[in-house]
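Please open the structure in your viewer and keep the selection tool at hand. This tour goes from one selection to the next and says what is found at each stop.

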Amino acid sequence: MDLDGFPLDRPEIAEHFVFEFRDFDREKVASRIEQPDVIVTTGVGFVAAALDPDEWH
């Protein structure tokens, strides 16, 4: 069982979230979501976050 109580041999569940803002400060948003197990990428008009596969395997 994993920490959520699900069997370890179950298929993975992919989740995706998109949040749209009219105006925002990319660096401020990125600094608030940075975690040791999350990869944060910024670009023109976006901030992306993904679980680090080296940590979440």
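The stops below cover a pocket, a surface patch and two residues of the chain. Please keep in mind throughout that this is a predicted model.

Begin with the largest pocket, which holds about 1,600 Å³ of space. To find its centre, select Glu15, Phe17, Ala49, Ala50 and Leu51, which are the closest to that centre among the 32 residues that line the pocket. Next, select residues 46-51, the strand β2, and then residues 26-33, the helix α1, since each of these two elements supplies at least two residues of the lining. Which element gives the largest share of the lining? That share comes from β2, with six residues. If you colour the lining by class, you should find 23 nonpolar, three polar and six charged residues.

Now turn to the surface and select Phe17, Phe19, Phe21, Phe24, Val29 and Ile33, which together make a nonpolar patch of about 630 Å². Within this selection, pick out Ile33, which is found in helix α1. Ile33 has a relative accessibility of 33%, and it therefore counts as partly exposed, because that class lies between the limits of 20% and 50%.

For the last stop, select Phe6, which is found in the segment before α1. With a relative accessible area of 40%, Phe6 is partly exposed. Finally, add Gly43 to the selection and display the distance between the two C-alpha atoms: Phe6 and Gly43 are 37 residues apart along the chain, and their C-alpha atoms are separated by 36 Å.

Conventions
Residues are numbered from 1 along each chain as its sequence is written. This is a predicted model: local features need pLDDT of at least 70, side-chain atom pairs count only at pLDDT 80 or more; totals for chains, interfaces and linings use all residues. Side-chain values use heavy atoms; hydrogens and water are left out. On a 1 Å grid over the protein atoms alone, a cavity is a set of points where a 1.4 Å probe fits but cannot get out, and a pocket is an open set with protein on both sides within 12 Å along at least five of seven lines; lining residues have an atom within 4 Å of a point. Grid points are joined across faces, edges and corners, and a volume is the space filled by probe spheres set on the points. Helices (H or I, at least four residues) and strands (E, at least two) are DSSP runs, numbered from the N terminus. Ala, Val, Leu, Ile, Met, Phe, Trp, Tyr, Cys and Pro count as nonpolar, Asp, Glu, Lys and Arg as charged, and the others, Gly among them, as polar. Patches are made of residues with over 30% relative accessible area and no salt bridge: like charges are joined within 9 Å, nonpolar side chains (Val, Leu, Ile, Met, Phe, Trp, Tyr) within 5 Å. Accessible areas come from the Shrake-Rupley method with a 1.4 Å probe; for residues, only the protein chains shown count as cover. A salt bridge is a side-chain nitrogen of Lys or Arg within 4 Å of a carboxyl oxygen of Asp or Glu. Buried means under 20% relative accessible area, exposed over 50%, partly exposed in between (1.4 Å probe, protein chains only).
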